[in-house]
Amino acid sequence: MLRSLLIGLTLAACWTVNPALSQGGASSLGAPLPQGAFSPLPVGTPDAAFAGSPLRLSPNDHRLLASRFRNDKVPVIPQPFAGQLDAALQAGNWTRVMARKADLGASRGELAMLMWEQTRFLVTGSLWLAELQARDLAASSLPGARQTAVLMWLYALATTMTDGHQCAGSGARDAHLASLRGPAFAAVLAGVRSLPDEELAAQRDMAIKLEALLAPERRDDTVCHTGGRSLATRPPDAWQTAAARTRDMLPSHLNAFCALVRGRPMPKPQPPAPSGPAPARPSAPVTRG
């Protein structure tokens, strides 16, 4: 039985793997789930959770999963669902993924579906999975689901902006960004509008860290398939420099996109508080009569 998982991603994993992302300290998203929300899923090591899967875990994957699900409590999705879902994910057969995910939900419940999505997202960094989990969480009543749905949506935005440079055809990135404001994401957009400014800013910052952390793991080219069209892609050395430049500008890009959705600007970042004691104020001059 799962006992202490959070729906929210624990970003301590990010800072354990990449100290360059550690500014701001670790935090976790989402509230502890009530006991009744858990499916009777077994838990185990990362290798046990992916036994028989066509997805091969890298050292970075092991560290991410071990940090997210401590003490070898990675949810083990039952067979044959796990193997079939992972094979369909690897092949990019989204129709098959959705069908088998529905079967998993009917057999083991909502949480089993969300845990498959989240564990596989951490291993692949998949843009398609991030969008799927954003929609599923936005429709869920589980505690913390709304905030994590917004995080996944912001990650999808950031990844579309960076990885969109790999598309050889013009307009694919803009078309995919437009789809993220479309009716399929209506429930997520409602969450973007309703989150307090400070909370939305925190999700934005976490999404930017996740995009950079998972960039080496991403292999999909979802952004180049918007509208059912499959566009040619550029080799990595032809687009990753442009992606790195865009990555540096993600805070302002995501602020602008959120302002468009919310109909009001995002608050400007507050300057960091000075460290250490404040300098002593000079005393007033003493006048002598």
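Aspartate 197 is partly exposed in the predicted model, with a relative accessibility of 26%. This residue forms a salt bridge with arginine 262, in which the closest N and O atoms lie 2.5 Å apart. The contact links distant parts of the chain, since aspartate 197 belongs to helix 11 (residues 197–214) and arginine 262 to helix 13 (residues 250–262), 65 residues apart. Arginine 262 has a relative accessibility of 8% and is therefore classed as buried, the limit for that class being under 20%.

Aspartate 197 also pairs with arginine 264, with 3.8 Å between the closest N and O atoms. Arginine 264 is located in the segment after helix 13, whereas aspartate 197 is in helix 11, so this salt bridge ties together parts of the chain that are 67 residues apart in sequence. Arginine 264 is partly exposed, at 36% relative accessibility.

A further salt bridge was found between aspartate 136 and lysine 101, the closest N and O atoms being separated by 2.9 Å. This pair likewise connects distant parts of the chain: lysine 101 is in helix 5 (residues 94–108) and aspartate 136 in helix 7 (residues 127–138), 35 residues apart. Lysine 101 is buried, with a relative accessible area of 5%, while aspartate 136 is partly exposed at 22% relative accessibility.

Over the whole structure, the search identified 10 salt bridges. Among the residues involved, Asp163, Glu211, Arg218 and Arg247 are joined into one network by salt bridges that share partners.

Conventions: Residues are numbered from 1 along each chain as its sequence is written. This is a predicted model: local features need pLDDT of at least 70, side-chain atom pairs count only at pLDDT 80 or more; totals for chains, interfaces and linings use all residues. Side-chain values use heavy atoms; hydrogens and water are left out. A salt bridge is a side-chain nitrogen of Lys or Arg within 4 Å of a carboxyl oxygen of Asp or Glu. Helices (H or I, at least four residues) and strands (E, at least two) are DSSP runs, numbered from the N terminus. Buried means under 20% relative accessible area, exposed over 50%, partly exposed in between (1.4 Å probe, protein chains only).
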